[in-house]
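User: Please take a close look at the aromatic rings in this structure and explain how they pair. After that, go on to some other places where burial or exposure matters to the description.

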Amino acid sequence: MNEQIKYYFIVNKWAGAHHSAHTWEQLHQLLVQNAVNFERVVTKYPQHATQLAQEFADLHPQGWVIVAIGGDGTLLEVLNGVRRSKNTVPIGYVPAGSGNDFARAVGIASDPSTALQQLIQTTTPITLDIGAYQNQANQLTQYFTNNIGIGFDARVVYEANQGQKVKLSKWHLESMAYVSALLKTLMRQKGFPLTIDIDGERHEFANAFVVSLTNIKYFGGGVGIAPCANLHDGKLDVVITEKLSFFKFVKLFIKLLRGGKHLDMPDVFFKTGREIHVQAFENEHGQVNGEDLPLQAFENEHGQVNGEDLPLQAFDLKIWMTKQPFWFNHKEAASQE
């Protein structure tokens, strides 16, 4: 343990159907037992973690790690707060949400107590790729660790969040909410026109259905959408399919669950790139790291960021890659690449 390092824990007590509040009680005991120098704050409302992270980073340029305790959405908020700061501060993460895809991708233990031990045993930061995106309507720049989704996967996130996800999470059955949402979305989701420029090369889709721009291998709580994704290559993996028949979609989904065999399907578009411009001018869902972030709409499409729902809107996004220091075991992260 690096005794000179101090930790600022930002706890989202609502993450994982309030599981993170109980998680903190366990972690607090371990921190005291290990004589760790730390401070803790609990978020009070959506986006509060962003404000807390920025304010703390502005006042503490050295010697601190800002640690998100929650799900991928909490990590997203903390990342955006740190990126808005005038100082560069490493980010730690103890997963306590329902999906925890970032932790899975970089080798952070799913058990919070073990993840904390990994955190406090780390001695130096590791620099990883993160994504940045800018809405062309308002020029607001945001950051993400996991992925941006438009269309099918984003609507699944939306339907799950609108359904019984929170209630089912109390019994660790949140996957049931996603299964229900997946079936409902498969029946209701329509294709939509999409234009995407990847490192200056244009691709057009008349009937886009699944659109995932991902920095890590997983989305949706462990689905391997991009098995070759690498957090050190400075590129996003782009996976797109157009609207498929029911039987072709079932085939796609089975291959998804079998470790990336879906990329060999002729119906699947796959490419990597450093700079991406994506446009979808019909009403669709979107998600970024699973978080609901404010993006001004043109018409309306669903999207998602880090697994959280974005408002129904159109999208005109420029996306590029940058770097961020994180605080966890280097060997664990390297073993996941």
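Analyst: A residue counts as buried when its relative accessible area is under 20%, as exposed when it is over 50%, and as partly exposed in between. The model discussed here is a predicted one.

Phenylalanine 9 is buried, with a relative accessible area of 0%. A search of the whole structure finds 14 aromatic pairs. In one of them, phenylalanine 9 meets phenylalanine 38 edge-to-face, with 6.1 Å from centre to centre and 75° between the planes. Phenylalanine 9 belongs to strand 1 (residues 6-11) and phenylalanine 38 to strand 2 (residues 38-42), so this pair ties together parts that are 29 residues apart in sequence. Phenylalanine 9 and phenylalanine 38 are also members of a cluster linked by ring pairs, together with Tyr7 and Trp24.

Another aromatic pair joins phenylalanine 102 and phenylalanine 326; this one is tilted, at 5.4 Å centre to centre and 35° between the planes. It links distant parts of the chain, since phenylalanine 102 is in helix 4 (residues 101-106) and phenylalanine 326 is in strand 14 (residues 313-326), 224 residues apart. Both phenylalanine 102 and phenylalanine 326 are buried.

Burial is not limited to rings. Alanine 115, in helix 5 (residues 112-121), has a relative accessible area of 2%, so it is buried. With neighbours within four places in sequence left aside, alanine 115 is in contact with Val94, Pro95, Ile108 and Ala109. Alanine 115 and asparagine 329 are 214 residues apart in sequence, yet their C-alpha atoms are 9.9 Å apart in space.

Helix 9 (residues 246-256) holds valine 250 and has both buried and accessible positions to look at. The buried residues of helix 9 are Phe249, Leu252 and Leu256. Viewed down the axis of helix 9, these buried residues fall within an arc of 60°, so they line one face of the helix. An α-helix has 3.6 residues a turn, so residues three or four places apart point the same way.

Valine 250 is partly exposed, because its relative accessible area is 33%. Along with Phe246, Phe247 and Ile254, Val250 makes a nonpolar surface patch of about 410 Å². Residues in such a patch have over 30% relative accessible area. Valine 250, at 33%, is therefore partly exposed and not buried.

Terms used
Residues numbered from 1 in each chain as written. Predicted model: local features only at pLDDT ≥ 70, side-chain atom pairs only at ≥ 80, totals over all residues. Heavy atoms only, no water. Patch = residues over 30% accessible without salt bridge, like charges linked within 9 Å, V, L, I, M, F, W, Y side chains within 5 Å. Areas by Shrake-Rupley, 256 points an atom, 1.4 Å probe, with all protein chains shown as cover. Salt bridge = Lys/Arg side-chain N within 4 Å of Asp/Glu carboxyl O. Helix = DSSP H or I, 4+ residues; strand = E, 2+ residues; numbered from the N terminus. Buried < 20%, exposed > 50% of the residue type's maximum accessible area, 1.4 Å probe, protein only. Arc of directions from axis to C-beta. Contact = heavy atoms within 4.5 Å. Phe/Tyr/Trp six-rings, centres within 6.5 Å; stacked < 30°, edge-to-face > 60°.
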